[in-house]
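The questions below ask on what grounds certain descriptions of a structure are made. Each answer sets a value against the rule that applies to it.

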Amino acid sequence: NIDSAESLKVPGVEKVVRTSNGVAVIAKHFWAAKLGRDALKVEWSAPTDAVDTTALIESYKKLAGSEGQVAEEKGKVDAALAKAKSRLELVYDVPYLAHAPMEPLNCTVKIAPDGTCEIWTGTQFQTVDQAAAAKVLGVSPEKVKINTTFLGGGFGRRANPASDFVVEAVETAKAAGVPVKVVWTREDDIRGGYYRPAFVHRAEVGVDDNGMPVAWKHTIVGQSLLAGTVFAGGVKNGIDGASVEGVTESPYLEGVAHRRITLHSPASAVTVLWWRSVGNTHTAFAMESAIDELAAAAKMDALEFRLALLKNKARHASALKVAADKIGWGKKRTTGIGLAMHESFGTIVAEAAEVAVEQGKLRVLRVVAVVDCGQVVNPLGVEAQVQGSIAYGLSAAMMGAITITNSKVDQSNFHDYRVLRMNEMPHVDVVIQKSNAKMGGVGEPATAVVAPAVANAIFAATGQRLRSLPFKLGAAS
């Protein structure tokens, strides 16, 4: 139910209209619309199944104890685990994440009397948005023109298969009968859904007398990004490739003769969307943390352990060695150094992080990122993208989490969904490897690697193994 009487008394407010996902206040300018919305009296229907993220993660951990749909299988993993010298059971979890671009979502729509429509918005998904707008208006897509403005940050949020903010703007303009510019507040943006999904990883690894993996059973639990969208055809035999990428093709597992990767994709009322580096955001954290734990269990140097697994992967090994060399691996220090390496979007990134604990608080002092993205045209562009990726990924690793209590998002703005401040940003060195390999991407790969590099550095500095994001000292599991 909506009572708009008080809202319509606000100077500048013109109309209050319903949209398919709520209600919009139309005014002569933003502040009048904001005050008009504050004056609305709205009664929302209660959700049938309440969502609580604490309970959700626990249910995911329970589900991870059983195997899901097989994404990859080789050898006889159960028999190999039974015969292994010893076994490690490793569980990692990551929360929902908002994209939090500096510019909240907005879209301007003008509908002409002849039914044609012109849209101005920062979008990463023009073709999908055009089709969605045309559907709302009941016209053919060629009658919708989209003018793409510069993005005030995207990170995947402006590439939504549901075209949520564009559809909302078109519906509002249609109901209003005049051109409108729909503007979301920061609170709308943080609470507006379409988050990076929460995930749980459970790996059971069997090792030989030397501590090297001989059997690897890995179960992943988390929502599918593609299911229920126009891209649902990309889910093959129950496997959304975005949920398992970075594990099924991990270079560390190529030499493991017995392995099985399975996936559970439970449905949820929480709307989800790809987030910068997509599935690699959680798979890199799980894989590189696990590799570091295996090295520690084998009482081997973490670099040497990785290099032993990458003996047939020259590019990966080279990137790791350069990162280790540049940060001063092996030198005595009072801080902790951690390594991580991951390949995504055709690009190999190795990162070394230096971490200190100052007055009981974690501080990342330095990150060295070695990038092998094939042939490079613009080195400064690569460096800038990698620096931005590390800032983005480190914000999430250190403090990023969307939590939900009784179906309501707890966070609302940058005071409780924090991003890295200038004084918290580490010094970042970017090293570009000379390579004649095929060009890979540079906008996303470095984001995924910083969390495990820092996690491994925290272990080196404190002896604590943090298996949950964001990091909290004393929260070892």
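Q: Which residue of β17 is the bridge partner of Gly338?
A: In this predicted model, Gly338 has Ala353 in β17 as its bridge partner.

Q: What makes β16 and β17 a pair of strands, and in which sense do they run?
A: Two strands count as paired when at least two bridges are found between them. Strand β16 (residues 336–344) and strand β17 (residues 347–358) are joined by nine bridges, in the antiparallel sense, so the pairing satisfies the rule. The two strands form a hairpin with two residues between them, and Phe345 in the turn has a positive phi of about 55 degrees.

Q: Why is β16 called mostly covered?
A: A residue is buried when its relative accessible area is under 20%. Eight of the nine residues of β16 are buried.

Q: How do you know that β11 is largely enclosed by the rest of the structure?
A: Nine of the nine residues of strand β11 (residues 199–207) are buried, and the strand is therefore largely enclosed. In a regular strand the side chains alternate between the two faces of the sheet. On one side of β11 are Phe199, His201, Ala203, Val205 and Val207, and on the other are Val200, Arg202, Glu204 and Gly206; all are buried, and both faces are thus covered.

Q: What strands pair with β11, and in which sense?
A: β6 runs antiparallel to β11 and is joined to it by nine bridges; here Val94 has Phe199 as its bridge partner. Strand β12 (residues 213–222) also pairs with β11 in the antiparallel sense, over nine bridges, and Arg202 stands opposite Thr219 in β12. β11 and β12 form a hairpin with five residues between the strands, in which Gly211 takes a positive phi near 85 degrees.

Q: Why does the length of helix α9 agree with its number of residues?
A: Helix α9 (residues 280–297) has 18 residues, which at 1.5 Å a residue should span 26 Å; its end C-alpha atoms lie 25 Å apart, so the two values agree. This helix is mostly covered, with 16 of its 18 residues buried. Lys299, just after α9, takes a positive phi of about 55 degrees.

Q: What span should helix α6 have, and what does the model show?
A: At 1.5 Å a residue, the 13 residues of α6 (residues 164–176) should span 18 Å, and the end C-alpha atoms are 18 Å apart, which agrees. α6 is mostly covered, since eleven of its 13 residues are buried. Charged residues are named among the buried ones, including Asp164, Glu168 and Glu171.

Q: Why are Cys107 and Cys117 in no disulfide?
A: A disulfide requires two cysteine sulfur atoms within 2.5 Å. The sulfur of Cys117 is 8.2 Å from the closest cysteine sulfur, in Cys107, which is too far for a bond. By this rule the count comes to zero disulfides.

Q: Why are Cys107 and Cys117 called buried?
A: The cut-off is under 20% relative accessible area. Cys107 has 1% relative accessibility and therefore counts as buried; Cys117, at 3%, also counts as buried.

Q: Why is Ile402 called buried, and where is it found?
A: Ile402 has 1% relative accessibility and so counts as buried. This residue is found in the loop between α12 and β19 (404–405). Ile402 and Pro95 are 307 residues apart in sequence, yet their C-alpha atoms are 6.6 Å apart in space.

Q: What makes up the largest nonpolar core?
A: The largest nonpolar core has 79 residues, and Trp216, Val454 and Phe471 have the most contacts inside it. Helix α13 (residues 445–462) gives the most to this core, with nine residues. Another core, of 34 residues, lies apart from it, and Val128, Ala159, Val200 and Val272 are among its members.

Q: What makes the largest cavity a cavity, and which residues lie nearest its centre?
A: A cavity is space where a 1.4 Å probe fits but cannot get out. The largest cavity holds about 120 Å³ of space. Its lining has 13 residues, of which Thr281, Gly393, Ala396, Ala451 and Leu469 lie nearest the centre. α12 and α13 each supply at least two residues of this lining.

Notes: Residues are numbered from 1 along each chain as its sequence is written. This is a predicted model: local features need pLDDT of at least 70, side-chain atom pairs count only at pLDDT 80 or more; totals for chains, interfaces and linings use all residues. Side-chain values use heavy atoms; hydrogens and water are left out. Buried means under 20% relative accessible area, exposed over 50%, partly exposed in between (1.4 Å probe, protein chains only). Helices (H or I, at least four residues) and strands (E, at least two) are DSSP runs, numbered from the N terminus. The expected span of a helix is 1.5 Å times one less than its number of residues. A nonpolar core is a set of buried Ala, Val, Leu, Ile, Met, Phe, Trp, Tyr and Cys residues joined through side-chain atoms within 4.5 Å. On a 1 Å grid over the protein atoms alone, a cavity is a set of points where a 1.4 Å probe fits but cannot get out, and a pocket is an open set with protein on both sides within 12 Å along at least five of seven lines; lining residues have an atom within 4 Å of a point. Grid points are joined across faces, edges and corners, and a volume is the space filled by probe spheres set on the points.
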